[in-house]
Amino acid sequence: MTYTGPSFSLHVRITIAPENVDKFLEALKPAYEGVIAEPENTFFEVFQSPEEPGVLKFVENWNATKEWFMGV
């Protein structure tokens, strides 16, 4: 059965000191694992810009409303 309810995509850009990227990604791992375990989450990727050291982008897709997301 295909999901036909509300959905949205969340895009986040953060900048951290380039020398702290590896530490940050290691600290992010438990949160990442928690997000992908949510049944409403359909996609979560973390991208690192090769042209801009320290710039990371998160993209998450959710089968839910924005109101649900903000409440949960």
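In which sense do β2 and β3 pair, and over how many bridges? I started with this, working on a predicted model. The two strands pair in the antiparallel sense, and I count seven bridges between them.

**Entry 1: the hairpin**

I looked up the turn next. The hairpin of β2 and β3 has six residues between the strands. Within this hairpin G54 takes a positive phi near 90°. S49 sits in the loop that runs between β2 (41–48) and β3 (55–62). Is S49 buried or exposed? Its relative accessible area is 15%, and the cut-off for buried is under 20%, so I list S49 as buried. I then checked the side chain of S49 for polar partners. One of its polar atoms lies 3.0 Å from the backbone nitrogen of E52.

**Entry 2: across the strands**

I went through the residues facing each other on the two strands. V46 of the hairpin stands opposite F58 in β3. F58 also turned up in my search for ring pairs. The structure holds six aromatic pairs. One of them joins F44 and F58, with 5.9 Å from centre to centre and 75° between the planes, which is edge-to-face. What does this pair tie together? F44 belongs to strand β2 and F58 to strand β3, so the pair links parts that are 14 residues apart in sequence. I noted the accessibility of both rings. F44 is buried at 6% relative accessibility, and F58 is buried at 11%.

**Entry 3: F43**

I took F43 as well, which is found in strand β2. F43 comes out at 32% relative accessibility; this is neither under 20% nor over 50%, so I recorded F43 as partly exposed. Leaving out residues up to four places away in sequence, F43 touches V59, E60 and N61. I also took the C-alpha distance from F43 to S9: 9.0 Å in space, at 34 residues apart in sequence.

**Entry 4: the core**

Which residues make up the largest nonpolar core? I find nine: F8, I16, V21, L28, V35, F44, L56, F58 and W62. The elements that give two or more residues to this core are α1 (21–37) and β3. F44 and F58, the edge-to-face pair from above, are both members of this core.

**Entry 5: W62**

W62 belongs to the core, and I looked up its surroundings separately. Ring pairs link W62 with F8, W68 and F69 into a cluster. Not counting residues up to four places away in sequence, W62 touches P6, S7, F8, V35, E38, E40, N41, T42, W68 and F69. F8 and V35 are among these contacts, and both are also listed in the core.

**Entry 6: the N-terminal segment**

I placed T2 in the segment before β1 (8–15). Is T2 buried or exposed? T2 has 67% relative accessibility and counts as exposed. From T2 to F24 I get 36 Å, C-alpha to C-alpha, for 22 residues of sequence separation.

**Entry 7: the annotated span**

Last, I checked the record. An unreviewed UniProt entry carries the annotation "domain: ABM" for residues 8–63. How far apart are the end C-alpha atoms of residues 8–63? They lie 7 Å apart. By content, this span is 30% helix and 43% strand.

How values were computed: Residues are numbered from 1 along each chain as its sequence is written. This is a predicted model: local features need pLDDT of at least 70, side-chain atom pairs count only at pLDDT 80 or more; totals for chains, interfaces and linings use all residues. Side-chain values use heavy atoms; hydrogens and water are left out. UniProt positions are given in the numbering used here, feature names are shortened, and annotations may be inferred rather than shown by experiment. Helices (H or I, at least four residues) and strands (E, at least two) are DSSP runs, numbered from the N terminus. Buried means under 20% relative accessible area, exposed over 50%, partly exposed in between (1.4 Å probe, protein chains only). A polar contact is a pair of N or O atoms within 3.5 Å; within protein, one must be able to donate a hydrogen and the other to accept it, and residues adjacent in sequence count only if both atoms are side-chain atoms. Rings of Phe, Tyr and Trp (its six-membered ring) pair if their centres lie within 6.5 Å; planes under 30 degrees apart count as stacked, over 60 as edge-to-face and the rest as tilted. Two strands pair if DSSP finds at least two bridges between them. A nonpolar core is a set of buried Ala, Val, Leu, Ile, Met, Phe, Trp, Tyr and Cys residues joined through side-chain atoms within 4.5 Å. Contact means heavy atoms within 4.5 Å.
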